[in-house]
Amino acid sequence: MGAEESKGGNYGLMGPSAVVANMNRQAQAARPWSLLHMCSLDQWKSGHAEAAGFAETTMTCNGVMFKDCSPTFCISRQGIININKTSSVFSFRRKNKFTKMAEHFEYNHIPAHLSSIQNFHVKSVVCYHDTTVILHLVRNMMTQFGVIDLGINKFMGIFGKKTAEFVNEAVRGQISPDGSLCLIKIPKLSDNNSAFVFQLYCLKTRELVRELALPFHHSLFAFDPRFTSSRFAATSFVTGEDNSLSLIHTDSWEVISTNTRVDDMRLSLHPTLKDLFYSKDGYLIFAVMVTAGCHCREKKLRRHQPIEISIYIFNADTAQTLHCVQYNRYTCGQHSCPTNFMPLFSNCGSRMAIVLNEMETPIDHLQIYKLPTAGSLQNRSRIRILQTFAPEILPKLPLPARMVQYLQFQPEFA
């Protein structure tokens, strides 16, 4: 169940070319959840990541949550915009990059009459998908949302009920795989009580489609990438089940299936659950649990036990628990950027990389695991193709447009 045992400091002299050959050989013979490769973080950045089929190499970030970074934006990975310190937009002194990110959108994408006359200001980026960005806007101490299309560099409009201004930590959102809907979790104030609700918006009309009160404020959610917008997963969605994962129809809130025991060690998923997301092909769901509380001191001094990270993996069609990967990391689950403890996935989606620590060595270890291959022969063929061709090559291949879209993990079902 746990990460494979690894001792620091001895990674051999394997170069990137040897990693490719070794990875292909290991992947063919290894069983699901097997350790395929191990290296230091420096080796990962110097060529092992690319050789193993990973486009992203950043696995650490010094940013602070909701000051420099957010669940959507990481200053080290630079999220959806390229923050250039020499840009005139970012010449403000003593401004953190999270503030600069908000200012970037406010100065470059919000119409002047909204920011100056109607007094709208950008508070954060709630979520984004392809070229569509959802902004957390504030006007006269009231929260609303704005839509930007970066593809045509245009502000598309404002949506959301006028309500009290909420901190960024209280607002969470995700755009559906086809870009038609946006699901937002937000507090709702009524009768001197506050509760959280799901609000589903149509991005074309920017109108509220439906709303649902949640039994627990800490529910997390993610759209199924196999479907255009008709299905999503959510934790603690069912009344009385605070340790559950449910699969839900978007158009009716009807629960398809529920796993009532996500975490065997706890009765509630709060406050350890940090994120919920699907694998690239949509056949797996991942729930990331992190030791609760502030561990910034342990992260800095490295004299105490690192925190425990648990990645629970579920079948996306049944919500059944499949596996759990556990490892230790010198980071703070409360204040550190999630980049420090979230897994990465290869271009083909069949490999998962994690960074872990041990008390006897200061070296950051990196391990790559093989994920189970689910679905049809078509999906298995996609994995093999993506292990051969880089993502930027796919549009140039002599293939029909729909096949290229399938290789790019675009939704299959309506």
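## The E6–E7 hairpin

In this predicted model, strand E6 (residues 172-175) and strand E7 (residues 181-190) pair in the antiparallel sense over 4 bridges, where strands (E, at least two residues) are DSSP runs numbered from the N terminus and two strands count as paired if DSSP finds at least two bridges between them. The two strands form a hairpin with 5 residues between them, and Gly179 in the turn has a positive phi of about 80°.

In a regular strand the side chains alternate between the two faces of the sheet. Along E6, Gly173 and Ile175 point to one face and are buried (under 20% relative accessible area, 1.4 Å probe, protein chains only), while Arg172 and Gln174 point to the other face and are not buried. Gly173 has Ile184 of E7 as its bridge partner.

## The sheet E2-E3-E4-E5

An open sheet of 4 strands follows the order E2-E3-E4-E5, with antiparallel pairing. Strand E2 (120-129) and strand E5 (154-164) stand at the edges, each with a single partner strand, so one side of each has no neighbour in the sheet. Within this sheet, E2 pairs with strand E3 (residues 132-139) over 8 bridges, and His121 stands opposite Val138 in E3.

## The sheet E10-E11-E12-E13

Another open sheet, also antiparallel, has 4 strands in the order E10-E11-E12-E13, and its edge strands, E10 (221-223) and E13 (255-259), each pair on one side only. E10 is joined to strand E11 (residues 231-235) by 3 bridges, and Ala222 has Ala233 in E11 as its bridge partner.

## Basis of the description

Residues are numbered from 1 along each chain as its sequence is written. Local features need pLDDT of at least 70, side-chain atom pairs count only at pLDDT 80 or more, and totals for chains, interfaces and linings use all residues, while side-chain values use heavy atoms, with hydrogens and water left out.

Terms used
Buried means under 20% relative accessible area, exposed over 50%, partly exposed in between (1.4 Å probe, protein chains only).
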